[in-house]
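Subject: Structure for your files, with notes

Hello,

Here is the structure I said I would hand over. My notes on it follow below.

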Amino acid sequence: MKHLSKLLVVLLVFIGFNGIHAQDGNNPWQIGFGVNAVDAFPTGDSDASFQTGSVFSEFFNANDHWNILPSLSYVSVNRYLGDGFTVGLTGSINRIDDLGDTRVDNFQYFGIDAVVDYHFLKNTVVDPFIGLGGGYTFLDNDAVDDNGFGTFNGTAGFTIWFNDNLGFMLKTTYKNAFDSNPGISHFQHFAGINVKFGGKDTDGDGIYDKDDACPEVAGLEAFNGCPDADGDGIEDGKDSCPNEAGSKEMNGCPDSDGDGIADKDDACPNEAGTAALGGCPDADGDGIKDGSDNCPNEAGPAENNGCPWPDKDGDSVLDKDDQCPDVAGTVANNGCPEVTEEVQKQLNDYAKTILFDTGKSSIKAESTTVLVDIIQILGEYPNAKFTVEGHTDSVGSAKLNQKLSESRANAIRDFLIDKGIGADRLSAVGYGEDKPIATNNTRSGRKENRRVEINLQK
């Protein structure tokens, strides 16, 4: 048993070796233990008198040639190197009763072997492998002590994994002795349990840190270990609303009103609206959100708080542009009625009947009625401006006639202003005797020339 103590020391040193890769990309170490069988019969070694047959001639003849110690008889340690390669060390013990067809007396068998294995498949239940390596074997009994020899080894086998960490292994190693004296080429078969370990899972989510995109936070395998706090199928790192379930179209955010605008960006999250208005509705389509629209069901400009401009007089000129909003007019005259030639003629027909005291600018009382008619006409054209013109005949001096015409024109203007006509709408001018409309040589002609006219300013 002194060689077993040597074996254990070597295994402990190997376990303490710090490799640079993981056993399967996650678990860095693997240990194995179980039973082994030594078969020295079908090795093809013609120099050994106890060996007969060719290699593999009685490979499966366990009853006659296999030496098995019915107890735990091997232990192994492996380290993953990457790309399917592992390096391992195996220590084994056995008791040899049959060397080929030769019975021997209680030979003790001790082996220490290193191997580099190549695993064909990755992340599969059945894990086949082959390997090459070398080792040293000790055979001794009471008569022979420390009868050791080196070997070159070839290995083939497979492991069936029950889960990520535990599997059942079967393998066969052919050990070719370097020296036939005292070396013995032989097969050694192994059956046992493999255990992988050493993987780190900081957040305890069942995903090793190496494969965990969020190793500090417990997450889901579907998201490489990253969490999905709201359970909407979008990992938190890509979820604009990680604590509220949403849709992929909204980058993980909810859209309560279904208007295509995430609630977090929607000024009206419970009413379907438009992106241009921050998610708020605009029922009348005037570009003003309903909450700020004084007339949400009638399209209108922002300048009027979303309401259409009124046209009280119905003349197609909006009140805001209508200089006569209460009187129907024409577009050409800014919403005010236009003074026609007929109206102008009627106005002057009335004006010509205004009477003054002789040689004075005072209006006779009987002219009040006609002045009221004139005021009524002027009131129908609230934006029109007029000129009150005074005229005289040629009797008397021209200077006096000019002064008289001016006085009479201003007297009419003052009267009209006093009765409510805007002063800015009226001007007065006197022409004296300069603009007669009839001859001053007759009485009737002079009467026509003594007149007042009220003419539209153009």
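Which residue's side chain does Arg450 meet in a salt bridge? The partner is Asp393, with 2.7 Å from N to O. Please keep in mind throughout that this is a predicted model.

The pair links distant parts of the chain, 57 residues apart. Arg450 sits in the loop between α6 (443-449) and β12, and Asp393 in the loop between β10 and α5. The two ends differ in exposure: Arg450 has 40% relative accessibility and is partly exposed, whereas Asp393, at 6%, is buried, because the cut-off for buried is under 20%.

The count of salt bridges comes to ten. Two others join residues as follows. Asp321 and Lys320 meet through their side chains at 3.0 Å, N to O. Both ends are partly exposed, Asp321 with a relative accessible area of 42% and Lys320 with 44%. Lys419 and Asp418 form another salt bridge, at 4.0 Å from N to O. Here Lys419 is partly exposed at 46%, while Asp418 reaches 58% and counts as exposed.

Next, the sheet. Three strands make an open sheet in the order β11-β10-β12, and the pairing is mixed. β11 (426-432) and β12 are the edge strands; each has a single partner, so one side of each has no neighbour in the sheet. On average, neighbouring strands are turned by 20° against each other, direction ignored. The pairing of β10 with β11 is parallel and runs over six bridges. His391 has Gly432, in β11, as its bridge partner. The helix α5 lies across β10, β11 and β12, and runs at about 160° to β11.

Several of these elements also contribute to the largest nonpolar core, which has 23 residues. Within this core, Ile374, Leu378, Phe386, Ile412, Leu416 and Ile454 touch the most other members. Two or more residues each come from α3 (341-351), α4 (368-379), β10 (386-391), α5 (398-418) and β12 (451-456). The largest share is that of α4, which gives six residues. As general background, nonpolar side chains in soluble globular proteins tend to be buried together.

What does Phe386 touch, leaving out residues up to four places away in sequence? Its contacts are Val339, Leu347, Leu378, Arg425, Leu426, Ser427, Ile454, Asn455, Leu456 and Gln457. Apart from the largest core lies another core, of eleven residues, including Val38, Ile96, Leu139 and Ile184.

One last residue to look at is Pro296, in the loop between β9 (186-197) and α3. Pro296 is partly exposed, with a relative accessible area of 28%. Outside its neighbours within four places in sequence, Pro296 is in contact with Ala283, Asp284 and Asp290. Asp282 is 14 residues from Pro296 in sequence, and their C-alpha atoms are 7.1 Å apart.

If you open the model, the Arg450 and Asp393 pair can serve as a starting point, with its side chains meeting at 2.7 Å, N to O. From there you could go on to Phe386, one of the core residues that touch the most other members.

Regards

How values were computed: Residues numbered from 1 in each chain as written. Predicted model: local features only at pLDDT ≥ 70, side-chain atom pairs only at ≥ 80, totals over all residues. Heavy atoms only, no water. Core = buried A, V, L, I, M, F, W, Y, C linked by side-chain atoms within 4.5 Å. Buried < 20%, exposed > 50% of the residue type's maximum accessible area, 1.4 Å probe, protein only. Helix = DSSP H or I, 4+ residues; strand = E, 2+ residues; numbered from the N terminus. Contact = heavy atoms within 4.5 Å. Pairing = 2+ DSSP bridges. Axes fitted to C-alpha atoms, helices over the stretch in contact; angles between N-to-C directions.
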